Amino acid sequence: MTVSKRTALVWWVGGLIAFAITLTLHAPLITDGVPGGILDHQSAPDAATVDAIQGYWARDGLLDTAAIAMVSDLIFIGIFGIGCVLAGLYYRSCSSPILSGLGLVALASGVIFLVTDYGETISQFIQLRNFAGDDQLASLASTLRPFKMATWISGFLAVLTALVAQRFSTTDA
């Protein structure tokens with residue numbers, strides 16, 4: 001599959017824009033009862049913790065806000081993850097071993113990010129829509145969280161590093 005740099009960057013930058021929007025939508029979920037906001041919900045290890053967090057949000061009238069924030073997260077995940085995959089495919093095709101290696105990191109990170117963050121967020125969303133924590137879903141979400149965070153960071157840094165390396169490279173320009 002041949003991917004243009006422009007297409008990859010449109011998706012990747014679009015993912016960063018979607019991330020900024022998602023962060024803005026998540027901000028109201030930081031309350032006195034839930035000081036970590038959505039991060040507390042993501043890392044909740046069991047149903048009781050999820051129920052407590054959702055109870056605080058319900059008390060503060062934030063359940064619809066939480067649902068909108070999670071839907072925005074689902075959109076962000078797709079755009080950014082696809083952006084990393086496309087950038088990975090583009091850079092994998094470069095003749096420079098550095099760019100090709102960074103492409104492999106971006107590609108693998110994008111795929112793992114898509115799987116882990118969708119798993120985490122869908123688990124959260126089901127619990128929110130049911131207004132009931134579930135031990136298995138909470139455990140799944142909290143287990144996937146560190147993997148999705150690591151792959152978000154590695155995918156972001158791989159693409160950013162590839163952009164910089166390509167800019168200063170005499171080949172694959």
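Trainee: Which residues have the most contacts inside the largest nonpolar core?

Mentor: In this predicted model, the largest nonpolar core is a set of 17 residues. Those with the most contacts inside this core are F76, F80 and F113.

Trainee: Which helix supplies the largest share of this core?

Mentor: At least two residues of the core come from each of helix 1 (5–26), helix 4 (63–92), helix 5 and helix 6. The largest share amounts to 7 residues, and the element that supplies it is helix 4.

Trainee: Which residues does a second, separate core include?

Mentor: Apart from the core just described, there is a second, separate one of 14 residues. Among its members are A44, V50, I53 and A67.

Trainee: With which residues is F76 in contact, leaving aside its neighbours within four places in sequence?

Mentor: F76 is one of the residues with the most contacts inside the largest core, and here we set aside its neighbours within four places in sequence. What remains as its contacts is G15, A18, F19, T22, G81, F113, D117 and W152.

Trainee: Which residues form one aromatic cluster?

Mentor: A search of the whole structure finds 9 aromatic pairs, and one of these is Y90 with Y91, which is edge-to-face with 4.8 Å centre to centre and 75° between the planes. As for the cluster, its members are W12, F19, F76, F80, F113, W152 and F156.

Trainee: Is Y91 buried or exposed?

Mentor: A residue counts as buried when its relative accessible area is under 20%. Its partner Y90 has a relative accessible area of 15% and is buried. Y91 has a relative accessibility of 2%, so Y91 counts as buried.

Trainee: Is T31 buried or exposed?

Mentor: The place of T31 is in the loop between helix 1 and helix 2 (38–43). Leaving aside its neighbours within four places in sequence, T31 is in contact with D60 and L62. The relative accessibility of T31 is 14%, and therefore T31 counts as buried.

Trainee: Is V115 buried or exposed?

Mentor: V115 has its place in helix 5 (residues 97–130), and its C-alpha is 9.2 Å in space from that of G81, although the two are 34 residues apart in sequence. A residue is exposed when its relative accessible area is over 50%. Because the relative accessible area of V115 is 59%, V115 is exposed.

Trainee: What is the area of the nonpolar surface patch made by I153, L157, L160, V164 and F168?

Mentor: One member of this patch, F168, lies in the segment after helix 6 (135–167), and because its relative accessibility is 68%, F168 counts as exposed. Together with I153, L157, L160 and V164, F168 makes a nonpolar surface patch whose area is about 490 Å².

Trainee: How many helices and strands are there in the protein chain?

Mentor: From the N terminus on, the elements of the protein chain run α-α-α-α-α-α, and the C-alpha trace spans about 60 × 25 × 25 Å along its principal axes. The count for the protein chain is therefore, taking strands as DSSP runs of at least two residues and helices as runs of at least four, 6 helices and 0 strands.

Trainee: What percentage of the residues in the protein chain is buried?

Mentor: The accessible surface of the protein chain comes to about 8400 Å², of which 69% belongs to carbon and sulfur atoms. The protein chain has 173 residues, and the buried ones make up 42%.

Methods
Residues numbered from 1 in each chain as written. Predicted model: local features only at pLDDT ≥ 70, side-chain atom pairs only at ≥ 80, totals over all residues. Heavy atoms only, no water. Buried < 20%, exposed > 50% of the residue type's maximum accessible area, 1.4 Å probe, protein only. Patch = residues over 30% accessible without salt bridge, like charges linked within 9 Å, V, L, I, M, F, W, Y side chains within 5 Å. Areas by Shrake-Rupley, 256 points an atom, 1.4 Å probe, with all protein chains shown as cover. Salt bridge = Lys/Arg side-chain N within 4 Å of Asp/Glu carboxyl O. Phe/Tyr/Trp six-rings, centres within 6.5 Å; stacked < 30°, edge-to-face > 60°. Core = buried A, V, L, I, M, F, W, Y, C linked by side-chain atoms within 4.5 Å. Contact = heavy atoms within 4.5 Å.
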